[in-house]
Amino acid sequence: MSHRRAPSQAFRLSKRNRNFVAVVGAVALSILLCCTATYRSGMWLTDALRNRPDASAPAGPTWTADSADLTVAVSPMMAPVLSQLADDFNARNQTTPDGRNMTVTIAAVNPEKMVVEALGNPPFQAISPDSSLWLDQLEQRWTDAGIPQESDSVIPLGQSRTSGQVRYAVSPVVIAAWEEVARELGWPDQAVGWQDIQRIATSDPDFKWNHSSTNTASGLLATLAEFYAGAGLVRGLTAEAATAQSTLDYVQAVEATIRFYGEGEEVIVQRLAAEGRNFLDAFVGQERVVIEWNRTHPGERLIAIYPAEGTLWTDHPLALLELGASAAELSVTDNQRLTYRAFAEFLTGRESQLALLAAGYRPADLDIPLDGPDSPFAGADAVDWREPQTTLQMPPPSVINVVLDAWRYTKRPTNVYLVVDTSGSMEGEKIRRTREALAAFVEQVQGSRDRVGIVEFASSVKSFAPLSTLDDASRRDLLDIIDDMQAIGGTALIDAVYAAVEDLQSQRDDQAINAVVVMTDGLDNDSRRSLNDLSRLLQSHNGMPVVLFTIAFGRDADESLLTRMAEAGNGQFRRADETDIEELYRIISTYF
Amino acid sequence: MSRTRWIFLGIIVFAVVIVAASILLSQQTNEPGGAALTVERPDALKIRVLTALPVEPWVRSAAEAFNAGDYDVEGVPIEVEISAVDGLTALGRWDRNDYGALPADVRPEDLSEAERAALSGFPTAWIPDSRYLVELANASYKERLGRDVFLTDGEYRARPIAISLFAWGLYNSRAAVLEDEFGVINWSTIHDAAIARGGWPELGGEPSWGFFKLVVPNPSKNVGGLAAMIAMAGEYYDRTNISVEDIANPQFQVWLRELMGAVTDFSSASAYTAEDFALFGYSVGDGGQLLESDLLQNMQGIRTRWEDPLRIYYPEYVTWFDFPFSVWVGPETTALQKNAALEFQRFLLSDEQQKAALAFGLRPANPNIAVDAVENSLFAQWEDQGVQTVVPRTTAMRSPDRDVLLTLLRWFELNVAQ
């Protein structure tokens, strides 16, 4: 008989076996619970890490994830008008759905710099340059900067650095001339063109005209007009036509007649106001400059000449930047997008449009007639709202880049001395920032015929690097001199400037713009020469003027002396501190 | 209690402590990590509609009226958000999957909280310029997901909400001179005007007008630019179906380049070409072939700003845009959102909104509404400038395929834009 355990007995385990089963069960349960706990903890840790601020992110400008503050970079000419409108917008106290105040801040930024900054981690979320051509340049550079090649079957559109573009005002670029000059040119009975201005500039040595640097729309247009005229075209300018020797010769001859370049029309207007009728006969600028000048300056009027060959429009686009393409860059927040949309609507609203009309711009709202009551266009013959009749053809970006390069080789050359105070008071941050600013200046001077020299002074002239053309070797030499600058000694400002002016005059290079850029942070206490000596030297130029730009670095500089020096040298006086000295040198470089 | 039982109890307590600690930790995140997707009834339902530029002003105004009304789906109030985007640009984004559609093997319930949050801005519907863009988007997703993402039949099928066609708009002063010179306005005579070496004086116009300046939208910003190039090809070859070989034909390319050479400025042109045309007037363009609705919307502004109104002409080969309202049928949007989109679609097709479209120069998709059904119909207002309520007998261009589009875009980039 087999010994078979009864079912009830089969489960009746020994005490030892029961303990074994209990321990195994407990361990299994523990493992199960621990796995659950580990999984949940792992998920928590993953989420926590995922939501943790990225350690590699934003070293630059930052804003909170719910920020509704929008900073708009605006071209300097438009910035005052837009600042006023931004104040009006902010006064409305509009809020986002989550209760954040929508605020707009306007920052005046040169369009070319705006494009460069917008490419990576900019301190603004929206831009408004003076022309859409800068947006095009931005998109082109953004594309060139590294969008990966897409499959052949993918529609290659939709990846933009900007979005939500609107226009709120436009103004054509014109030749602004004194009424007497305009009548001599044939206005209002005859069509006057770019070629008329270029012809008179090259044939009459007393004719003074100006266009700003090519980093503004009006400066770029004036330059394009020269290349078109030089190539004998009014459309279809190609890289080959722009770089033909006959074109370059023509442009060089016209550019030789430019009195100075400069950062924009607002500076020209300031100098017209300060120096009067004799400063310039004509200049290239936006139509609204003519309206504004005639409104605020009684006396001889400016006339807007709409060039017969065609012109270009400044169209003041407003565009939101699509930031956040890299980990080092914050994205525009949803609230900032709402602020952008609200501000764009505000700018294109009737109230703002009328304000822009009053400021001399043509509003984007086509329902507002330009000849209506209170319009600055109504009843005026200095500007004509039916003009321009035609525009010059805007070449594609690649040809524009060729024109810009060619211009650097054909523009009026510059001889410039950088006169630098390295007295004891410049020690520390000041000398460090000065070195950086000077180095940036030397890097920015790109003309093949431009020459730069450096005069470093304290109690006397410490070092004198004579003018030299900036090839790679001489540029490196100048950068070495800048790098070696040490702050020590007193301040013999006038003696140093005198030495620089004297050397420029001895060169007798009347084809070039001759200039001295002098920077100091203190009072002249060591010079043997006086301001009168310097003024006499400047006036004895025998037809070869030297322009003086003076910079007061910090609050201890002798502003009165620097202002009088700038006046004596038909130049400008500017203030700077450690935060903007580099930017100031960059701006001054646009004059050359 | 025996030592074994103490061990057993200890293990249990240890396990309970670990579990309790993990629960506490995960609660600190304020996010229930790994919670499954639960279909909860929201307080409000937001739907995002990508809208082609020509219908955007009308659709946006309709959305404002809709949002202000008492519209809901299954008791949940609907809020419509309009995103203006050119049809071709949107197609590029669909192609690259910029909006973040899920791969075929991923379900929304498999996503983390953050990934689900990223889907909250996914478009519920798309109103492109033309149904062929929907077909191209479907083809792209069919390759990736193995199915259509916009339906062509059934409840969620793409339905046209308005229609418009491409027409010539020329400033009166310039149109009169061209009619005297050529008798008829078409791509061939416009080409002759564009290549006139003496400019307007050679054609009988004023010297101050300079050269003839053509307006064509920038194809990289406005699908109308491609439509214009396809229309040019249609007239050149005198047929409606254009192939890649036609585009590659060297003689055609020379002819096309001469035409495009009369455009003053592609670089600064915005996506809103007709608006630019009005803002800068005859100084940048004497005329061009643009969408009728865009031209009509700017007719009054042009007359106010330039005193010289536009004259409208209808071409022989016509390109139609039908603006299909297309609901995304993938799992990225909820059933409630899809139904909310249908509700908004019905609203757009209502008699009231179709009449409102007339004020934007759009021809109603709803056949019950005549183009001159309302007093402020732009069709009636500008009849004396050549606008016709019934389009004359013409031949419709066939929709180009993807290869033709890509070839034209590349030709433009290489020969005109750069």
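In what order do the six strands of the open sheet in chain A run? The views below take up this question, beginning with the whole chain.

**View 1. Chain A and its domains.** This is a predicted model, in which local features need pLDDT of at least 70, side-chain atom pairs count only at pLDDT 80 or more, and totals for chains, interfaces and linings use all residues. Residues are numbered from 1 along each chain as its sequence is written, while chains are lettered from A and ligands numbered from 1 in the order in which they are written. By an automatic or database domain assignment, chain A is divided into domain 1 (69–143 + 160–170 + 316–363), domain 2 (171–313 + 368–407) and domain 3 (413–589). The centres of domain 2 and domain 3 of chain A, taken over C-alpha atoms, are separated by 31 Å.

**View 2. The open sheet of chain A.** Its six strands (E, DSSP runs of at least two residues, numbered from the N terminus) have the order E14-E13-E12-E15-E16-E17, with mixed pairing, where two strands pair if DSSP finds at least two bridges between them. The edge strands, each pairing on one side only, are E14 (461–469) and E17 (572–576) of chain A.

**View 3. Strands E13 and E14 of chain A.** Strand E13 (residues 451–457) pairs with E14 of chain A in the antiparallel sense, over six bridges. Within this pairing, A:Val452 stands opposite A:Ser468, which belongs to E14 of chain A.

**View 4. Helix H18 of chain A on the sheet.** Helix H18 (residues 493–507; helices are DSSP runs of H or I, at least four residues) packs on the sheet, touching strands E12 (414–421), E13, E14, E15 (513–520) and E16 (546–553) of chain A; contact here requires C-beta atoms, placed from the backbone, within 7 Å.

Notes:
Two residues are in contact if their C-beta atoms, placed from the backbone, lie within 7 Å. Axes are lines fitted to C-alpha atoms, for helices over the stretch in contact, and angles run from 0 to 180 degrees between N-to-C directions.
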